[in-house]
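Subject: Handover of a structure

Dear colleague,

Please find below the structure that I am passing on to you. My notes on what was found in it follow directly after.

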Amino acid sequence: MADQSSQSARPPRGWFLTVITLLFLLLALSDFTKALQYAGNPAVGGLVILGHKFHGVAHNLILGPLFGVVLLIYAYGIWNLRTWALPFSIVYAFYVPTNMVLFWSLHQLPPPTVRFILVYLFLSLTGSIGTAIYLAYHRERLR
């Protein structure tokens, strides 16, 4: 009975954190399959870390799952409203824009469409910075 009352006393996660957790699970799955993505189309596949795109199946086979595990741990922390998810989210909130700026400045790529840029920026910045802001604002829910 005590376990049941502690479960009902748990603060709600809310729709935003539920959606964000599911998106981080999809992102983790994407990282786990980076080697397959690269093997299928090296021009677009491959993991990007701090602006550097890793080439070769072996690099992506090792680094992709490592980053996938990190994202799974982060998703677990958000889903279960863990206090350590807040500092994790702050680090991730700085990592994502840094990674994007470094990638776009280090690589000579044909410019994507404005629509793609807007959607990509919205999703990536909402998922990184938005989650950090949300967790900071609702830190009383974290345990």
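**The nonpolar surface patch**

Two helices, α2 (14-32) and α4 (57-79), each contribute at least two residues to a nonpolar patch. Please bear in mind throughout that this is a predicted model. The patch lies on the surface, covers about 690 Å², and is made by L22, L25, F32, V69, L72, I73, Y76 and W84. Helix α4 provides the largest share of the patch, with four residues.

I73 may serve as an example from this group. I73 sits in helix α4, and its relative accessibility is 42%. The value falls between the limits of 20% and 50%, so I73 is classed as partly exposed.

**Overall architecture**

The chain contains six helices and two strands. Read from the N terminus, these elements follow the order α-α-α-β-β-α-α-α. Along the principal axes, the C-alpha atoms occupy a box of roughly 60 × 30 × 25 Å. The chain has 143 residues, and buried residues account for 33% of them.

**The largest pocket**

The volume of the largest pocket is about 1500 Å³. Its lining consists of 44 residues, and those nearest the centre of the pocket are L27, K34, M100, Y120 and S124. Four helices, namely α2, α4, α5 (85-106) and α6 (114-137), each give at least two residues to this lining. Helices α2 and α4 therefore deserve attention on both counts, as each supplies at least two residues of the nonpolar patch and at least two of the pocket lining, under the helix assignment used here.

What is the chemical character of the lining of the largest pocket? Its residues comprise 32 nonpolar, nine polar and three charged.

M100, one of the residues nearest the pocket centre, belongs to helix α5. Its relative accessible area is 8%, under the 20% limit, and M100 is therefore buried. The C-alpha atoms of M100 and L123 are 12 Å apart, with a sequence separation of 23 residues.

**Two leucines with positive phi**

L50 and L81 merit a check of the backbone. L50 has a phi near 50 degrees, which is a positive value in a residue other than glycine. L50 is placed in the loop that joins β1 (48-49) and β2 (52-53). With a relative accessible area of 46%, L50 is partly exposed. In space, L50 and N99 are 4.4 Å apart from C-alpha to C-alpha, although 49 residues apart in sequence.

For L81, phi is likewise positive and near 50 degrees, again in a residue other than glycine. L81 is located in the loop between α4 and α5. Is L81 buried or exposed? The relative accessible area of L81 is 3%, which means that the residue is buried.

**Two histidines and their distant partners in sequence**

H107 lies in the loop between α5 and α6. Its relative accessible area of 26% makes H107 partly exposed. H107 and K53 are 54 residues apart along the chain, and 9.1 Å separates their C-alpha atoms.

H138 is part of the segment after α6. Where does H138 stand in terms of burial, given a relative accessibility of 16%? Since residues under 20% count as buried, H138 is assigned to that class. H138 and R13 are 125 residues apart in sequence, while their C-alpha atoms are 9.9 Å apart in space.

**Points to view alongside the model**

For inspection, I would suggest three places to begin. One is the nonpolar patch, with L22 and W84 among its residues. Another is the largest pocket, where L27 and Y120 are among the residues nearest the centre. The last is the loop between β1 and β2, which holds L50.

With kind regards

Technical notes: Residues numbered from 1 in each chain as written. Predicted model: local features only at pLDDT ≥ 70, side-chain atom pairs only at ≥ 80, totals over all residues. Heavy atoms only, no water. Patch = residues over 30% accessible without salt bridge, like charges linked within 9 Å, V, L, I, M, F, W, Y side chains within 5 Å. Areas by Shrake-Rupley, 256 points an atom, 1.4 Å probe, with all protein chains shown as cover. Salt bridge = Lys/Arg side-chain N within 4 Å of Asp/Glu carboxyl O. Buried < 20%, exposed > 50% of the residue type's maximum accessible area, 1.4 Å probe, protein only. 1 Å grid on protein atoms, 1.4 Å probe; cavity = no way out; pocket = protein on both sides within 12 Å on 5 of 7 lines; lining within 4 Å. Points joined across faces, edges and corners; volume = space filled by probe spheres on them. Nonpolar A, V, L, I, M, F, W, Y, C, P; charged D, E, K, R; others polar.
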